[in-house]
2 protein chains.
Amino acid sequence: MPLNSTYKDKKVISIGTVSELTGLSERQIRYYETRKLIFPERSKTGIRKYSFSDIEKLIEIANHLEEGVWTAEIRNEMKRRERALLKETPTTVT
Amino acid sequence: MPLNSTYKDKKVISIGTVSELTGLSERQIRYYETRKLIFPERSKTGIRKYSFSDIEKLIEIANHLEEGVWTAEIRNEMKRRERALLKETPTTVT
DNA sequence: CGTGTAAGGAATTCTGACACG
DNA sequence: CGTGTAAGGAATTCTGACACG
């Protein structure tokens, strides 16, 4: 995934657009960042920039939260998943 | 292409970011729009939104202009190319 | 813990125009 | 024709804080 980065991982979308695309409030999106769930980049002047991957991640996060899962739990699960990906043979397509 | 739209065609990038990514001035980017070379969408409040496709197109436009081609010419060429694509069997990959 | 909101400031974008060549 | 710029206003984003549960 990190090597197969196309447009999906380019951080170019600002928070207002992300809010529209995900249905989440800007407050929520910023909060998940403090909880280490997403990692937007910043323009020189401090404006947050997100990728399409971030948007997908945010939607997952929202689903988990609706089910009552804590952000800390979500974070653990994401870490687990990343570790799994590292061991996996990179035969994953799309 | 219009059917195979992924993230590449989603209009979510604002002009400042497009300017950075292409190296063109905002003035130039807006001007090419008046010349019917690119067609950004607008947020409800009027902010222009571009796609990665638009960015690729802009880079092509810039190359043509450097060679002294007029915007009118570039526009004709783009039209020609679109017509060609319509006749083509969709075996195009990537 | 997760999220809403009002507050004040800084950065972004928009349009129409004057300018030059 | 293609592009720069100053001008004024509108929309966006940022942070830190108070609030509720």
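The surface near DNA strand D is built from 5 nonpolar, 7 polar and 7 charged residues. Keep in mind as you look around that this is a predicted model.

**Meeting the DNA**

Altogether, 19 residues surround DNA strand D, and the closest are A:Arg48, B:Ser25, B:Tyr31, B:Tyr32 and B:Thr71. Which parts of the DNA lie within 4 Å of the protein? Sugar or phosphate supplies 75% of those DNA strand D atoms, and bases supply the rest. Here are three side chains whose polar atoms approach the backbone of the strand:

| Side chain | Partner in DNA strand D | Distance |
|---|---|---|
| B:Ser25 | phosphate oxygen | 2.7 Å |
| B:Tyr32 | phosphate oxygen | 2.7 Å |
| B:Thr45 | sugar or linking oxygen | 2.9 Å |

Two or more residues of this surface come from each of helix 1 (15–22) and helix 2 (26–34) of chain A, and from helix 2 (26–34) of chain B. Helix 2 of chain B gives the largest share, with 4 residues.

**A helix with a buried side**

Now turn to helix 1 (residues 15–22) of chain B, where B:Ile15, B:Thr17, B:Val18, B:Ser19 and B:Thr22 are buried. An α-helix has 3.6 residues a turn, so residues three or four places apart point the same way. The cover over the buried residues of helix 1 includes helix 2, strand 2 (48–49) and helix 3 (52–66) of chain B, together with strand 3 (48–50) of chain A. After helix 1 of chain B comes B:Gly23, which has a positive phi near 80°.

**A small sheet in chain A**

In chain A, 3 strands make an open antiparallel sheet in the order 1-3-2. Strand 1 (13–14) and strand 2 (41–42) are its edges, each pairing on one side only. Strands 1 and 3 of chain A are joined by 2 bridges, and A:Ile13 sits opposite A:Tyr50 of strand 3.

**Charged partners**

How many salt bridges are there over all chains? The count is 18. In one of them, A:Glu56 and A:Lys8 bring their closest N and O atoms to 3.5 Å. A:Glu56 belongs to helix 3 (residues 52–66) of chain A and A:Lys8 to the segment before strand 1, so this pair ties together parts 48 residues apart in sequence. A:Glu56 is partly exposed at 32% relative accessibility, and A:Lys8 is partly exposed at 28%.

Another salt bridge joins B:Arg81 and B:Glu60 at 3.0 Å, N to O. This pair links helix 4 (residues 71–87) of chain B, home of B:Arg81, to helix 3, home of B:Glu60, 21 residues apart. Finally, A:Glu33, A:Arg42 and A:Arg48 form one network through salt bridges that share partners.

Conventions. Residues numbered from 1 in each chain as written. Chains lettered and ligands numbered in written order. Predicted model: local features only at pLDDT ≥ 70, side-chain atom pairs only at ≥ 80, totals over all residues. Heavy atoms only, no water. Near = heavy atom within 4 Å. Polar contact = N/O pair within 3.5 Å; in protein donor to acceptor, adjacent residues only side chain to side chain. Nonpolar A, V, L, I, M, F, W, Y, C, P; charged D, E, K, R; others polar. Buried < 20%, exposed > 50% of the residue type's maximum accessible area, 1.4 Å probe, protein only. Contact = heavy atoms within 4.5 Å. Pairing = 2+ DSSP bridges. Salt bridge = Lys/Arg side-chain N within 4 Å of Asp/Glu carboxyl O.
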